[in-house]
Amino acid sequence: MIARVFDGKTEGLSRDDVIDNITLYRLTNTAVSSARLYWENKLVFFEPKHIRIPVAVSVFPDEIYAAPRSWAEKAYPRLMHYNRLDKGGHFAAWEQPALFSAEMRTAFRPLRQSI
C-alpha cells in the first residue's frame, strides 16, 4: 500500500506521511527493534489461540493475512464482531483512521452498554 502512494494513488496516506514515518524510525534508531517481533516470532502464528476474552476481528483487504471468519471463530470462542472492510491494510489505524475508529466503536459498543 505504501508503494501505491509513491505511484501517485490516494490510499489514505500521503508521501509526506510515509517519509515522516520512515524518518521517525531512522532518527530514533528504532527500525530494527520495531521489526524484532516479526523476526523472533517462532510460534505457529496462525494457529487458533483459544482466547477467552471478547474479541473483534476487522479484516482489511490489504492486510498480510485476511483472516476468514471460520478461523476467527475457532481462534476466538467469544468473537463478538467480524467485518470485512473495503480498504486498508497492515497499518489500518494509520492508513484509514476513520474506518479503524468506526470499527472499534462498533465492535465494542455492546461491552460499553453492559457496564
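Helices here are DSSP runs of H or I with at least four residues, strands are runs of E with at least two, and both are numbered from the N terminus. On that basis, Q96 sits in the loop between α5 (92-95) and α6 (97-113). The model is a predicted one.

Start with the whole chain. It has six helices and two strands. Along the sequence they run in the order α-α-α-β-α-β-α-α. The C-alpha atoms fill a box of roughly 40 × 35 × 25 Å along the principal axes. The chain has 115 residues, and 22% of them count as buried. About 8,500 Å² is exposed, and carbon and sulfur atoms supply 58% of that area. Take the contacts with a separation of 6 or more. Residues 24 or more positions apart account for 60% of them. As for charge, the chain carries 16 positive and 13 negative side chains. The centres of these two sets lie 7 Å apart.

Return to Q96. Its relative accessible area is 10%, so Q96 is buried, the cut-off being under 20%. What does Q96 touch beyond its neighbours within four places in sequence? The partners are E11, G12, K87 and G88.

K87 and G88 come up again at P61. P61 lies in the loop between β1 and α4 (69-75). Not counting residues up to four places away in sequence, P61 touches L85, D86, K87 and G88. Thus K87 and G88 are in contact with Q96 and are also touched by P61. P61 itself is partly exposed, with a relative accessible area of 40%. L111 is far along the chain from P61: 50 residues apart in sequence. In space, their C-alpha atoms are 26 Å apart.

L111 leads to another proline. P54 is in the loop between α3 and β1 (55-59). Leaving aside neighbours within four places in sequence, P54 is in contact with R78, M80, F108 and L111. Two of these names, F108 and L111, fall within the residue range of α6 (97-113). P54 has 22% relative accessibility and counts as partly exposed. P54 and R69 are 15 residues apart along the chain, and their C-alpha atoms are separated by 15 Å.

Now move to the second strand. R84 is found in β2 (residues 79-84). Which residues does R84 touch, not counting those up to four places away in sequence? They are V59, A66, A67 and P68. F60 is 24 residues from R84 along the chain, yet their C-alpha atoms are separated by 6.2 Å. R84 is partly exposed, at 47% relative accessibility.

Next, the aromatic rings. A pair of aromatic rings is described by the distance of the centres and the angle of the planes. A search of the whole structure finds three aromatic pairs. One of them joins W71 and Y76, with 5.8 Å centre to centre and 90 degrees between the planes. This pair is edge-to-face. Are its two residues buried or exposed? W71 counts as buried, at 16% relative accessibility. Y76 counts as buried too, also at 16%. W71 and Y76 belong to one aromatic cluster together with Y65.

F91 and W94 form another pair. Their ring centres are 6.2 Å apart. Why is this pair edge-to-face? The planes lie at 85 degrees, and an angle over 60 counts as edge-to-face. Here both residues are partly exposed: F91 has 42% relative accessibility, and W94 has 28%.

Finish with a helix and the loop after it. Helix α2 (residues 15-27) has 13 residues. From its first C-alpha to its last, α2 reaches 18 Å, close to the 18 Å expected at 1.5 Å a residue. N29 follows α2 and is found in the loop between α2 and α3 (31-40). Most residues other than glycine have a negative phi. N29 is not a glycine, although its phi is positive, at about 55 degrees. Is N29 buried or exposed? With a relative accessible area of 66%, N29 is exposed, because the cut-off is over 50%.

Note on methods
Residues are numbered from 1 along each chain as its sequence is written. This is a predicted model: local features need pLDDT of at least 70, side-chain atom pairs count only at pLDDT 80 or more; totals for chains, interfaces and linings use all residues. Side-chain values use heavy atoms; hydrogens and water are left out. Buried means under 20% relative accessible area, exposed over 50%, partly exposed in between (1.4 Å probe, protein chains only). Contact means heavy atoms within 4.5 Å. Rings of Phe, Tyr and Trp (its six-membered ring) pair if their centres lie within 6.5 Å; planes under 30 degrees apart count as stacked, over 60 as edge-to-face and the rest as tilted. The expected span of a helix is 1.5 Å times one less than its number of residues. Accessible areas come from the Shrake-Rupley method with a 1.4 Å probe; for residues, only the protein chains shown count as cover. Lys and Arg count as positive and Asp and Glu as negative; His and the chain ends are not counted. The place of a charge is taken as NZ of Lys, CZ of Arg, CG of Asp or CD of Glu.
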